[in-house]
Amino acid sequence: MTTTSSAPGKVYLFGEHAVVYGEPAVPCAIERRARVTVTERDDDRLRVDASDLSIEGFTVEYGGSTDERPAVDVPPSLLEAATGYVDSAVAQARAAADRPDAGFDVEIESEIPLGAGLGSSAAVAVAGIDAATRELGVDLDAREVADRAYRVEHEVQDGEASRADTFCSAMGGAVRVEGDDCSTLDAPDLPFVVGYDGTGHDTGELVAGVRALREEYGFAADTVAAIGDLVREGERALEAGDVEELGRLMNFNHGLLSALDVSARTLENMVWAARDGGALGAKLTGAGGGGSIVALDDGDGVETALSLTPECAETFRAELATAGVRAE
Ligand code: MEV
């Protein structure tokens, strides 16, 4: 049998990084999906074919032991990051189906670049767990897939993960996450425009950097708390449908993320280009260090401004994805 699932990427309207310390965050799923196709094998091995992750495509085959690393010609850190999520997702599916020795051929296709701040790893983990459990005859509901995908991120990112990315990808739409408290929100289809600088970054490392800053400096702990306050303001603006206020708050959120040292020259240039292009607001999205920005604009000024910005490798309008994880 062969089973395919897909799950969306996301942008953060507000709250990345601070959500790791129990503050609320509001990520929104976007119509860029990762698709994972799984076929059960008749041995316990794993073969992973990832041809489209905006890194060198790769195909690897390896056995159940975690020490055994495949010999392939791609940088070990990228290979480890990508296969780490797949390994751990497969482990979750084996546990959910009580089939510890199940082997799989896994094929990953993604419209979300890896490490770009757009939730590729969460989407791969969510779609991978859903496809592999269904392939083994077990149907999990979306909340259980989200919970298992969170455990994947937690493990691969050395304990540096919130539930936000994985819950958002599993449920779709706009969501609110505060600690273990996760809920879906009724949000309008906001006019998101994304700018992506073409680079990938390690979320675990960036989160560890903020943690260190927060432990060393009182201002960084205050900044994390200030992001929490701002997210609560943002929720009120979202409820009132006040898009102008949402934009202003996004600008403030970006400033606070810069204070936590997770911005980058490319992100600053794209944020300012978007504002010059008429954005209601613009901020980096996700872990930062490079990667992507998200802006609000219902005209075409921002896309035009970003397409003329040398640091921007790709810009696109991102529709809210109402469907979370789904069978394909
Ligand atoms: C990364 O997409 C979002 C962070 O808040 C980390 C996390 O929530 O796990 C930086």
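**A walk through the predicted model**

Strand 6 and strand 7 form a hairpin in which two residues lie between the strands, and in the turn Gly179 has a positive phi of about 60°. This is a predicted model, and the hairpin is a convenient place to begin reading it. The two strands, strand 6 (residues 174-178) and strand 7 (residues 181-185), pair in the antiparallel sense over five bridges, and within this pairing Val175 stands opposite Thr184 in strand 7. Four of the five residues of strand 6 are buried, so this strand is largely enclosed by the rest of the structure.

From the hairpin we can move along the chain to an open sheet of four strands, which has the order 9-10-8-11 with antiparallel pairing. Strand 9 (281-285) and strand 11 stand at the edges of this sheet, and because each has a single partner strand, one side of each is left without a neighbour in the sheet. From one strand to the next, the twist averages 25°. Helix 7 (residues 243-259) packs on the sheet, where it touches strand 9 and strand 10 (292-296), and the direction of helix 7 makes about 45° with that of strand 9. On the side of strand 11, the partner is strand 8 (residues 192-196), and these two strands pair in the antiparallel sense over five bridges; in this pairing Tyr196 stands opposite Glu314 in strand 11.

The loop between helix 9 (301-307) and strand 11 (314-318) holds Thr309. Is this residue buried or exposed? Thr309 counts as buried because its relative accessibility is 9%, which falls under the 20% limit for that class. When neighbours within four places in sequence are left aside, Thr309 is in contact with Asn269 and Ala273.

Helix 5 (residues 203-216) comes next. This helix has 14 residues and reaches 20 Å from its first C-alpha to its last, close to the 20 Å expected at 1.5 Å a residue. Asp202 caps the N-terminal end of helix 5, with a side-chain oxygen 2.9 Å from the backbone nitrogen of Gly204. Gly204 is itself one of the buried residues of helix 5, the others being Leu206, Val207, Val210 and Leu213. What covers these buried residues includes helix 6 and helix 7, and helix 7 has already been met as the helix that packs on the sheet.

Another buried position in a helix is Ser88, whose place is in helix 1. Ser88 counts as buried because its relative accessibility is 4%, and, not counting residues up to four places away in sequence, Ser88 touches Val152, Glu155 and Val156.

The charged side chains offer a further way through the model, since the structure holds 22 salt bridges. One of them is formed by the side chains of Arg99 and Glu40, which meet at 2.4 Å, N to O. This pair links distant parts of the chain, for Arg99 lies in the loop between helix 1 (76-96) and strand 5 (104-110), whereas Glu40 lies in strand 2 (residues 26-40), 59 residues apart. Arg99 is partly exposed, with a relative accessible area of 33%, and Glu40 likewise counts as partly exposed, at 30% relative accessibility.

Other salt bridges stay within a single helix. Arg134 forms a salt bridge with Asp130, the closest N and O atoms being 3.2 Å apart, and both residues lie in helix 2 (residues 120-135), four residues apart, about one turn of the helix. Asp130 is buried, with a relative accessible area of 6%, while Arg134 is partly exposed, with a relative accessible area of 21%.

In helix 6 (residues 218-240), Glu233 and Arg236 lie three residues apart, about one turn of the helix, and their side chains meet in a salt bridge at 3.6 Å, N to O. Glu233 is partly exposed, with a relative accessible area of 37%, whereas Arg236 is exposed, with a relative accessible area of 52%. Beyond such pairs, salt bridges that share partners join Arg35, Glu111, Arg326 and Glu328 into one network.

Methods. Residues numbered from 1 in each chain as written. Predicted model: local features only at pLDDT ≥ 70, side-chain atom pairs only at ≥ 80, totals over all residues. Heavy atoms only, no water. Buried < 20%, exposed > 50% of the residue type's maximum accessible area, 1.4 Å probe, protein only. Contact = heavy atoms within 4.5 Å. Pairing = 2+ DSSP bridges. Axes fitted to C-alpha atoms, helices over the stretch in contact; angles between N-to-C directions. Salt bridge = Lys/Arg side-chain N within 4 Å of Asp/Glu carboxyl O. Expected span 1.5 Å × (residues − 1). Polar contact = N/O pair within 3.5 Å; in protein donor to acceptor, adjacent residues only side chain to side chain.
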